[in-house]
Amino acid sequence: MLLRIDHVGIACHDLEEKISFYESVFGLTVVSREVNEEQGVREAMLHVADGDGGASYVQLLEPLSPDTAVGKFLAKRGEGVHHIGYGVADVTTALAEIGAKGVRLVDERPRHGSMGASIAFLHPKDVGGVLTELVEAPRR
Ligand code: V0V
Ligand code: CO
């Protein structure tokens with residue numbers, strides 16, 4: 001069901017500062033910058049590698065305000081890994097299959113994600129403390 005690791009989401013206070021860090025230390029390149037009001041974030045995707053099923057990225061996340069998912073996470077835990085995003089062929093089908101196994105879904109239906117993807121989150125309390133995101137890449 002999981003095709004690959006699409007991205008690792010990392011929460012930070014200052015997006016531009018963290019972009020500079022990943023560029024200078026790891027030589028990564030920003031391929032997308034977006035504000036996602038629904039998710040309460042300003043985010044950037046930095047390309048890591050290309051695989052058979054698609055590319056993988058680091059996603060840097062800055063909260064739009066303290067009362068957002070990432071804002072609350074930063075206040076509670078500080079900067080660090082916020083979620084893992086796995087590539088799936090069909091996010092609606094994957095949600096139905098995973099939900100049927102008793103895992104709490106944060107999203108009952110897909111939302112708009114970075115770079116035109118369809119995304120949905122599974123509750124971290126039902127995934128061993130890991131906020132887990134399903135990512136269906138846009139059709140080309
Ligand atoms: C919260 N908790 C986490 C967590 N966030 N545990 C692991 N990883 C995280 N990232 C824990 C938290 O410590 C609490 O446990 C408990 O869950 C409830 O947290 P809370 O602070 O009271 O917050 P809630 O319940 O209001 O919200 C938690 C959830 C929320 C997971 C439901 O963050 C959410 O809806 N996340 C999905 C949306 C999201 O994260 N969007 C930003 C990325 P204790 O302390 O009580 O034990 S957007 C993105 O990735 C995009 C656009 C993309 O990839 O394209
Ligand atoms: Co993400």
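**Exercise 1.** Find which element gives the most to the shell around ligand 1.

*Solution.* Start with the elements that each supply at least two shell residues: α2 (69–77), β5 (80–87) and β7 (118–122). Helices (H or I, at least four residues) and strands (E, at least two) are DSSP runs, numbered from the N terminus. Then pick the top contributor: α2, with six residues.

The model is predicted: local features need pLDDT of at least 70, side-chain atom pairs count only at pLDDT 80 or more, and totals for chains, interfaces and linings use all residues. Residues are numbered from 1 along each chain as its sequence is written, chains are lettered from A and ligands numbered from 1 in the order written, and side-chain values use heavy atoms, without hydrogens and water.

**Exercise 2.** List polar contacts of ligand 1 (pairs of N or O atoms within 3.5 Å).

*Solution.* Take the side chains. Glu 133 has an N or O atom 2.7 Å from a ligand oxygen. His 7 places a polar side-chain atom 3.1 Å from an oxygen of ligand 1. Now the backbone: an N or O atom of His 82 lies 2.9 Å from a ligand nitrogen. Last, the cover: the protein hides 76% of the 1100 Å² of accessible area that ligand 1 has on its own (Shrake-Rupley method, 1.4 Å probe).

**Exercise 3.** Trace the sheet and name its edge strands.

*Solution.* Write the order: β2-β3-β4-β1-β5-β8-β7-β6, an open sheet of eight strands with mixed pairing. Two strands pair if DSSP finds at least two bridges between them. The edges, β2 (29–36) and β6 (111–112), each pair on one side only. Check β2: seven bridges join it to β3 (residues 41–51), antiparallel. Thr 29 stands opposite His 47 in β3.

Technical notes: A polar contact is a pair of N or O atoms within 3.5 Å; within protein, one must be able to donate a hydrogen and the other to accept it, and residues adjacent in sequence count only if both atoms are side-chain atoms.
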